[in-house]
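Biologist: I'm new to this one and would like to learn how to read it. Could you walk me through it, feature by feature?

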Amino acid sequence: MKWFEVISKIDRRIIYLLLTLFVILPLFIPIKIPQNIMPQTQKLFDFVDSIRPDDKAVMLSLDYTPQTAPECHPMALAILKHCFARNIPVVGVSYDPQGPGLAVEAFATVVDDINRQASIKEDSVIYGEDYVYLGWKSGRIAALLEMGESIISVYPRDHFRNAVDSFPIMARVKNYKDIAIAIVLAAAAYPDDWVLYPQSRYGIKVGAGLTAVMAPKYYPFLQTGQFSGMVSGMKGAAEYEHLIFAHGYTKDLGTAETGMSAQSMIHILIIIFIIMGNIGYFFSRRKK
Amino acid sequence: MSTDPWIWLGAILTLMIFSFLFKDNPFYKFGEHLFVGVANGYYIALYWHNSLRPNLVEPLSQGQLIYLIPLLLGLMYFARFIPKISWLVRIPIGFMIGWSAGVSIPATFQAFVLKQLEGTIITPSSFTNAASGIWAAIILVGVVCTVVYFYFSKEHKGILKPTARLGIIFIMIGFGASFGYTVMARVSLLIGRIQFLLGPWLGLID
């Protein structure tokens with residue numbers, strides 16, 4: 001077998017093994033690769049950063065699934081840290097049936113971390129006062145439209161079956177007028193519905209945290225101003241983590257930042273494979 | 001190494017699914033079938049506790065008879081299985097199509113057609129700085145050329161030929177960007193699983 005046939009017929013298991021090694025090594029030996037902050041991530045960060053404390057709320061729609069959690073979960077953690085550090089009330093909802101478990105975990109992780117470090121009550125984050133998670137709702141189009149009139153009418157009870165009208169946060173967050181931005185963290189086309197219905201009818205600002213696969217589809221929404229910022233994939237999550245770290249809202253970076261070293265290494269490996277495959281193909285054709 | 005049995009279960013199931021990378025085997029099949037079963041169970045429980053019970057069963061048991069209407073509409077879907085009354089299924093389908101069309105058509109036109117057209121049009125405000133002006137022009141040329149490529153009512157001759165060719169280049173750039181993002185997404189999922197195996201399960205990384 002000629003050399004060019006060898007490089008174009010590498011056993012897929014060898015490729016898998018190399019991919020695994022290139023993921024594992026940077027997790028043990030972190031390689032510092034500088035992060036360029038993309039304008040859309042900066043835009044979302046700036047928007048959240050410009051919301052006045054204890055004023056309007058951020059509505060966080062957690063619509064990602066366990067398989068896409070490595071991309072979207074760090075975004076949720078970073079955005080929650082940012083909001084709580086600035087005393088911005090957060091109202092969580094989900095429209096993907098797989099969202100609630102991850103949403104509860106995201107809130108618990110961030111809140112436990114903040115409350116562990118809080119020395120006085122004012123520094124802590126309290127359920128029902130600073131944030132609430134309303135849970136999953138079927139019939140999302142009707143729910144999204146109805147929340148423009150009254151959130152409590154759509155969610156009389158929260159995810160944990162508590163009466164929502166008993167929470168102090170809901171006394172000041174009645175409908176979309178009290179929401180500064182709805183940030184949709186999604187692994188499917190949920191941001192479409194937020195743009196189509198609440199934004200078209202009520203003019204609510206929409207931001208998005210998307211899996212990388214979805215990002216190219218949603219770039220035009222930035223151009224038109226329908227998105228007030230977008231965080232895409234693990235890279236976007238790492239950028240947001242970097243921004244809140246750089247602004248002093250958190251003391252440590254999250255999992256996306258460490259994952260990006262492995263991501264960069266894998267990209268180099270894949271580029272090498274693409275070049276090798278093309279060289280092999282080119283020489284095979286010449287031989288014929 | 002973790003002492004939590006759930007972490008162990010997650011790790012073992014992850015390895016079972018990964019074993020497919022070597023070749024198809026009974027461990028992979030077991031993991032796959034278990035996933036399908038658990039997912040079905042999860043969805044049934046979720047829809048019962050979060051949708052059917054609070055939105056139908058509880059109001060009906062409290063005597064709110066108006067909820068009989070959605071119950072009847074829902075039951076009509078099952079008429080499909082009884083040939084004599086299968087025509088009844090048209091009623092809930094008609095209701096759903098009518099409602100969806102009424103809600104969606106104006107919103108889609110406004111958000112996905114008019115707004116997107118607005119984003120393509122060059123106005124003096126597009127040239128507030130040189131970079132935004134250049135990008136606005138590129139977007140306009142890209143959109144026009146791509147639309148011309150998909151215009152099949154006239155043969156691509158004369159001015160249409162180079163325009164359509166340029167359109168292909170824009171489409172290819174779009175595909176390249178999609179491919180790059182897809183690779184990044186899939187690799188992210190692998191990184192996530194490996195972080196889980198090395199972190200919460202084996203305790204080798206933070």
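Modeller: Sure. Let's begin with contacts: two residues are in contact if their C-beta atoms, placed from the backbone, lie within 7 Å. Keep in mind that this is a predicted model.

Biologist: How many residues of chain A are in contact with chain B?

Modeller: On the chain A side there are 38, and they meet 35 residues of chain B.

Biologist: Which elements of chain A give two or more residues to that side?

Modeller: They are α2 (12-28), α4 (69-85), β3 (131-136), α9 (190-202), α10 (215-223), α11 (233-246) and α12 (255-287) of chain A. By residue type, the side of chain A that touches chain B has 22 nonpolar, 13 polar and three charged residues.

Biologist: Now chain B by itself. How many helices and strands are there in chain B?

Modeller: Six helices and zero strands. Read from the N terminus, chain B goes α-α-α-α-α-α.

Biologist: What does the radius of gyration say about chain B?

Modeller: Compare it with a rule for globules. A compact globule of 206 residues would come out near 17 Å, but chain B has 27 Å. Its C-alpha trace spans about 65 × 60 × 40 Å along the principal axes.

Biologist: And what share of chain B is buried?

Modeller: A residue is buried if 20 or more other C-beta atoms lie within 10 Å of its own. In chain B, buried residues make up 7% of the 206. You can also look at contacts along the chain: of those in chain B with a separation of 6 or more, 22% join residues 24 or more positions apart.

Biologist: Let's go to the sheet in chain A. Is the pairing there parallel or antiparallel?

Modeller: In general, strands of a sheet pair through backbone hydrogen bonds, in either of those two ways. Here the pairing is parallel, in an open sheet of six strands ordered β3-β2-β1-β4-β5-β6 in chain A.

Biologist: Why is one side of β3 and of β6 (227-232) of chain A left without a neighbour in the sheet?

Modeller: Because β3 and β6 of chain A stand at the edges, each with a single partner strand. On average, neighbouring strands of this sheet are turned by 15 degrees against each other, direction ignored.

Biologist: Can you show me one pair?

Modeller: Take β5 (residues 206-210) and β6 of chain A, which pair in the parallel sense over four bridges. There, Ala208(A) sits opposite Met230(A) of β6(A).

Biologist: Which strands does α11(A) touch as it packs on the sheet?

Modeller: β5 and β6 of chain A, and the direction of α11(A) makes about 110 degrees with that of β6(A).

Note on methods. Residues are numbered from 1 along each chain as its sequence is written. Chains are lettered from A and ligands numbered from 1 in the order in which they are written. This is a predicted model: local features need pLDDT of at least 70, side-chain atom pairs count only at pLDDT 80 or more; totals for chains, interfaces and linings use all residues. Ala, Val, Leu, Ile, Met, Phe, Trp, Tyr, Cys and Pro count as nonpolar, Asp, Glu, Lys and Arg as charged, and the others, Gly among them, as polar. The radius of gyration is taken over C-alpha atoms; the globule rule is 2.2 Å times the number of residues to the power 0.38. A residue is buried if 20 or more other C-beta atoms lie within 10 Å of its own, exposed if 12 or fewer, and partly exposed in between; C-beta atoms are placed from the backbone. Two strands pair if DSSP finds at least two bridges between them. Axes are lines fitted to C-alpha atoms, for helices over the stretch in contact, and angles run from 0 to 180 degrees between N-to-C directions.
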